[in-house]
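I opened the file to go through a few local features one by one. My notes follow in the order in which I looked things up.

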Amino acid sequence: MSDRISARRVLTPKGWLSDCAVSFGDDGRISAVGAEGFDPASAVGTLLPGIANLHTHSFQRAMAGLAETRAPGGKDDFWSWRKVMYRFLDALTPEDIEAIAAQVQVDMAEAGYTTSAEFHYLHHQPGGAHYSDMAETSARIMAASHDSGIGLTHLPVLYTYGGLDGRALGTGQDRFGCDVSAFEKLYAAICGHSGNMPVDFRLGVAPHSLRAVDRAGLDACLALCPDGPIHIHAAEQVKEVEEVFAHLGARPVEYLLGEMPVDQRWCLIHATHLTDGEVSSLAFSGAVAGLCPTTEANLGDGIFPAQPYLNAGGCIGIGSDSNIRISLAEELRMLEVSQRLAVRQRTILASDETPSNGRYLYEHAASGGAQAVGRDAGTIEVGKLADLVALRDDMPFLDWPEPDQCLDAWIFGAEEPAVSDVWAAGRHIVRSGLHVRREPIRARFAATMRKLRDAL
Ligand code: ZN
C-alpha cells in the first residue's frame, strides 16, 4: 500500500508547498513531505488533508423522499420529521443497513470525506428483541466500511429513556433501547468485532442526548470508553433546551460542561442554541462543536454562533448527520452563508492570518474533525495518517493563480464534483472522481431502495 503522490500544490501546516511529493508507508502514515521524488508527469494539481465526516446516521439517507411533504394543516418541524424517521427505520433489516451505509460511504468519499463517524443507535430488531449477535448491526456498519475502504470511527449509542422524566421508550424507539447493563454487553460484543478492522479504526461511545440518558448512563459510557471519542447530541432544538433546563436546572451545554469532564475527547453535536457564557466555556473546554449545517437547515434547527465561538478559540468539525445532502463543500458553504444571513456581512469565518474564507473553513474542519473522531490526521505532515484529497485539475472554474482562490472557488461555487482522488489511511478509494467499488455498491443499494419502496 506504500506509495508516493506528487502534487503541484500541497496544503500543509506551513502553508502551501509547490511541486511536492507526499510519501506514505504500509502503516498508512505519511513518511515524507518534500521536493524529493516529485514527478511532474504524474502530479495531481491540489492536494489537501482529508476531512472526517464527524456525525452520520447513514440509514437516514434512504428516507430522503419521505420527509419533505407537509402534513395536512400541520406544522412540520424536527419532531414531526422524527416520527417519519421512526416509521421508516422499522422496515430496515441488517442487510439494508449495510447496503445503505456502504452507499453513503461511497458518496462521502467521492465528496472528499476520508472518514465517517457513525453515530449508531439502531441496535435491535423491530419490537426491541436483541439479535442473536447483539452487535449485528454494528458489524454491518463495519462490513460496509471494509467494502468502501473509508476510515471508520464507530460510535455505539446508549439510548435508555423516552424523555427527561425517565419515561419508557415510545413507539418507534424500541430498536434503540439499552439500559446500562445491556449496553455493557453490547459494547463488549462490538469490541469483539473490532479486532477485524484496519489499524486506523476507532471505537468511541455516544450517550445519545440528555433526553435519552441519565447521569448514571453518562458515567457508564465514560467507564466503557476511557480513551476514545465521546459524542453526544446537545442543544439542537429550543424545546430540548427548555426541557433540560426544567429537569436538570441547567441548559444542556451548561450541564455537560458543569457535570462532565468535557475535554478534547468530547464532541457536542449541534450545540446550536448557546448563551454567550456557553460559547466561551465550550470553546475553552477544548471539545469540538460537531456542526451539521445542511441537516440543521433542513430540520429548521437554528444557526450555530460560529463567529464568537471561533473567535474564542473553539474547535469545529462538520458532519452530514441525516445525509439529506452529502457534499463536503456544501456543508462548509452552508456554515458560512448562514452566518452571513444572520449578521448581514460577508466572509465571516476568516481571520487576518487566514483571510481566505474557504481555506479557513477547510483547515478548521480538517483539524477539528480529526480530533473529534479520534484520528491522527487532519494535516499533511510526517507521522499523520495519509488521509488525502486531490482536486480535479481539469476544471477551468478552479484554475486560479493562488491555491487559496482554488479552495474558495470549490467551496463557494463549483457546480460539478471537484474531487479527483481520495486516500484514507493510504487506501486509494477514489480515482478520477469515482469510487473504486462504486458499481457493485450502487447495485446493492438500488435493490435495497426498491425493496424499501415496496415495503413502505
Ligand atoms: Zn444526529
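What should the 16 residues of helix H11 span at 1.5 Å a residue, and how far apart are its end C-alpha atoms? I noted first that this is a predicted model. For H11, residues 328–343, the expected span is 22 Å, and the end C-alpha atoms are 24 Å apart, which agrees.

I then listed the buried residues of H11. They include Leu 328, Ala 329, Leu 332 and Leu 335. Charged letters turn up in the list too: Glu 330, Glu 331, Glu 336 and Arg 340 are among the buried residues. Just after H11, I found Arg 344 with a positive phi of about 55°.

**Zinc site**

Next I looked up the protein donors of the zinc ion. They are His 55, His 57 and His 233, each through NE2, and Asp 321 through OD. Their distances from the zinc ion run from 2.1 to 2.7 Å. I checked the angles subtended by the four donor atoms: they range from 81 to 171°, which makes the arrangement irregular. A tetrahedral label would have needed all angles between 85 and 135 degrees.

In sequence, I wrote the spacing of the donor residues as H-x1-H-x175-H-x87-D. His 55 sits in strand S5 (residues 51–56) and His 233 in strand S10 (residues 230–234), so this pair ties together parts that are 178 residues apart in sequence. I looked up accessibility for both. His 55 has 0% relative accessibility and counts as buried; His 233, at 8%, counts as buried.

**Positive phi in alanines**

Which residue in the loop between S10 and helix H6 (238–248) did I note? It is Ala 235, which has a positive phi of about 60° although it is not a glycine. At 0% relative accessibility, Ala 235 counts as buried.

I entered Ala 271 under this heading as well. Its phi is near 45°, a positive value in a residue other than glycine. Ala 271 lies in the loop between strand S11 (266–270) and helix H8 (276–285). Its relative accessibility is 0%, so I recorded Ala 271 as buried.

**Helix pair H2 and H14**

Two packed helices are described by the angle between their axes and the distance between the axes. I looked up both values for H2 (residues 94–111) and H14 (residues 438–455): the angle is about 130° and the axes are 9 Å apart. H2 and H14 are therefore oblique to each other. An angle over 145 degrees would have counted as roughly antiparallel. I closed the entry with the handedness: H2 passes H14 in a left-handed crossing.

Key:
Residues numbered from 1 in each chain as written. Predicted model: local features only at pLDDT ≥ 70, side-chain atom pairs only at ≥ 80, totals over all residues. Heavy atoms only, no water. Donors = N, O, S within 2.8 Å, 3.2 Å for Na, K, Ca; no water. Tetrahedral: all angles 85-135°; square planar, octahedral: opposite > 155°, others 65-115°. Helix = DSSP H or I, 4+ residues; strand = E, 2+ residues; numbered from the N terminus. Buried < 20%, exposed > 50% of the residue type's maximum accessible area, 1.4 Å probe, protein only. Expected span 1.5 Å × (residues − 1). Axes fitted to C-alpha atoms, helices over the stretch in contact; angles between N-to-C directions. Parallel < 35°, antiparallel > 145°, perpendicular 65-115°, else oblique. Left-handed = near helix turned anticlockwise from the far one by under 90°.
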